[in-house]
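Trainee: I should like to learn how to read a structure feature by feature. May we begin with the surroundings of the ligand?

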Amino acid sequence: MTAAASGTVYLTGAGPGDPNLLTVRAHRLIATANAVYHDDLVPRSILEICHPMAEVVSVGKRCGRKCVTQDEINRALIAAARAGKSVVRLKSGDPMLYGRASEELAALECEHIPCEVVPGVSALFAAAADLRVPLTDRLTASRLIVLTGHRAANKKITRLWEGTLPQDATIAIYMPGSNYRQLAESLLGAGLPGDMPCVIVSRAGTGEQQALPATVATLPAQTALPAPTVVLVGRGCERCFRENAAIPAMAAEELCVAVSAG
Ligand SMILES: C[S@@+](CC[C@H](N)C(=O)[O-])C[C@H]1O[C@@H](n2cnc3c(N)ncnc32)[C@H](O)[C@@H]1O
């Protein structure tokens with residue numbers, strides 16, 4: 001497996017957080033790059049793989065901390081590659097899913113900087129694996145829909161989904177926030193029944209994983225789990241109830257009534 005090449009930027013998926021879930025390619029690049037620019041969600045256990053002489057820079061943009069703008073990140077990547085460094089741009093999960101990859105790739109391509117994208121295990125796959133929730137099923141889920149609860153600031157639409165969500169699907173919601181009432185109302189408003197099973201998964205694919213099974217209607221009654229979380233919705237989530245607490249049926253009915261009345 002070749003080492004990171006001088007003057008090249010690698011948009012690399014770090015997976016959900018466990019070093020065992022890195023691809024072999026990602027591991028090799030992280031270990032050999034001269035510079036590694038990483039997001040906040042990439043844990044220390046993965047950064048420890050970096051070469052001891054590598055420049056390791058946090059460019060996380062999470063709320064409440066000093067912000068590195070996307071433009072600053074783009075310029076840093078270009079400058080490092082132009083200086084002849086091999087550069088890994090390390091992102092949690094898969095770099096092509098909610099990872100601002102289009103902006104970074106456009107900036108690099110515009111400057112004719114050689115770049116490569118290295119896939120990673122996205123949070124939804126880690127969550128599905130941890131909980132043994134099949135994302136598709138011959139009888140109940142023929143498709144997978146990936147959504148985000150968080151929209152770019154310039155987007156006017158605030159609804160999770162326009163129109164009616166299909167019921168024969170598994171829906172993975174990234175960046176769901178902790179306002180589960182609003183989330184439930186969006187899902188019910190998009191036509192999902194209150195008894196549709198779902199599960200909130202925190203820190204999937206790490207040793208700190210936690211999961212709260214619910215139904216769409218009982219989501220508001222759930223306590224917020226530590227970030228990052230992803231929510232899976234669909235009949236496949238029924239499996240989570242077999243080993244967990246029973247659904248509070250009254251709460252489900254109550255919320256259905258409240259939403260249809262409102
Ligand atoms: C900016 S997006 C990046 C997604 C990432 N590219 C991926 O493919 O997983 C960050 C969101 O991904 C989800 N996420 C990332 N890692 C996670 C994990 N280990 N467990 C649960 N959700 C996670 C959360 O919804 C978090 O708010």
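Mentor: We may, with the caution that this is a predicted model. A shell can be read by residue class: around this ligand there are 12 nonpolar, four polar and two charged residues.

Trainee: How many residues surround the ligand in total, and which are the closest?

Mentor: The ligand is surrounded by 18 residues, the closest being Leu97, Ser122, Met175, Ala204 and Thr229.

Trainee: Which backbone atoms lie close to polar atoms of the ligand?

Mentor: One looks for pairs of N or O atoms within 3.5 Å. A backbone N or O atom of Leu97 is 2.7 Å from a ligand nitrogen, and a polar backbone atom of Pro16 is 3.3 Å from a nitrogen atom of the ligand. For Ala123, a polar backbone atom lies 2.9 Å from an oxygen atom of the ligand. As for coverage, the ligand on its own has 560 Å² of accessible area, and the protein covers 88% of that.

Trainee: Turning to the protein interior, why would one look for a nonpolar core?

Mentor: In soluble globular proteins, nonpolar side chains tend to be buried together. Here the largest nonpolar core has 24 residues, and those with the most contacts inside it are Ile171, Ile173, Leu187, Leu219 and Val233.

Trainee: Which elements give two or more residues to this core?

Mentor: They are strands S6 (143-148), S7 (169-174), S8 (197-202), S9 (210-215) and S10 (229-233), together with helix H6 (180-189). H6 supplies the largest share, five residues.

Trainee: What does Leu187 touch, leaving aside residues up to four places away in sequence?

Mentor: Leu187 touches Leu160, Leu165, Ile173, Leu192, Val216, Leu219 and Val233. There is also a second, separate core of 17 residues, which includes Tyr10, Leu22, Val42 and Ile49.

Trainee: Is Ser178 buried or exposed?

Mentor: The relative accessible area of Ser178 is 54%, and exposed means over 50%, so Ser178 is exposed. Ser178 is placed in the loop between S7 and H6. Sequence separation and spatial distance should be read together: Ser178 and Thr229 are 51 residues apart in sequence, with their C-alpha atoms 9.1 Å apart.

Trainee: What can be said of the chain as a whole?

Mentor: The protein chain has seven helices and 10 strands, and 45% of its 262 residues count as buried. Of the contacts between residues at least 6 apart in sequence, 69% join residues at least 24 apart. The accessible surface comes to about 13,300 Å², with 53% belonging to carbon and sulfur atoms.

Key. Residues are numbered from 1 along each chain as its sequence is written. This is a predicted model: local features need pLDDT of at least 70, side-chain atom pairs count only at pLDDT 80 or more; totals for chains, interfaces and linings use all residues. Side-chain values use heavy atoms; hydrogens and water are left out. A nonpolar core is a set of buried Ala, Val, Leu, Ile, Met, Phe, Trp, Tyr and Cys residues joined through side-chain atoms within 4.5 Å. Buried means under 20% relative accessible area, exposed over 50%, partly exposed in between (1.4 Å probe, protein chains only). Helices (H or I, at least four residues) and strands (E, at least two) are DSSP runs, numbered from the N terminus. Contact means heavy atoms within 4.5 Å. A residue is near a molecule or strand if one of its heavy atoms lies within 4 Å of it. A polar contact is a pair of N or O atoms within 3.5 Å; within protein, one must be able to donate a hydrogen and the other to accept it, and residues adjacent in sequence count only if both atoms are side-chain atoms. Accessible areas come from the Shrake-Rupley method with a 1.4 Å probe; for residues, only the protein chains shown count as cover. Ala, Val, Leu, Ile, Met, Phe, Trp, Tyr, Cys and Pro count as nonpolar, Asp, Glu, Lys and Arg as charged, and the others, Gly among them, as polar.
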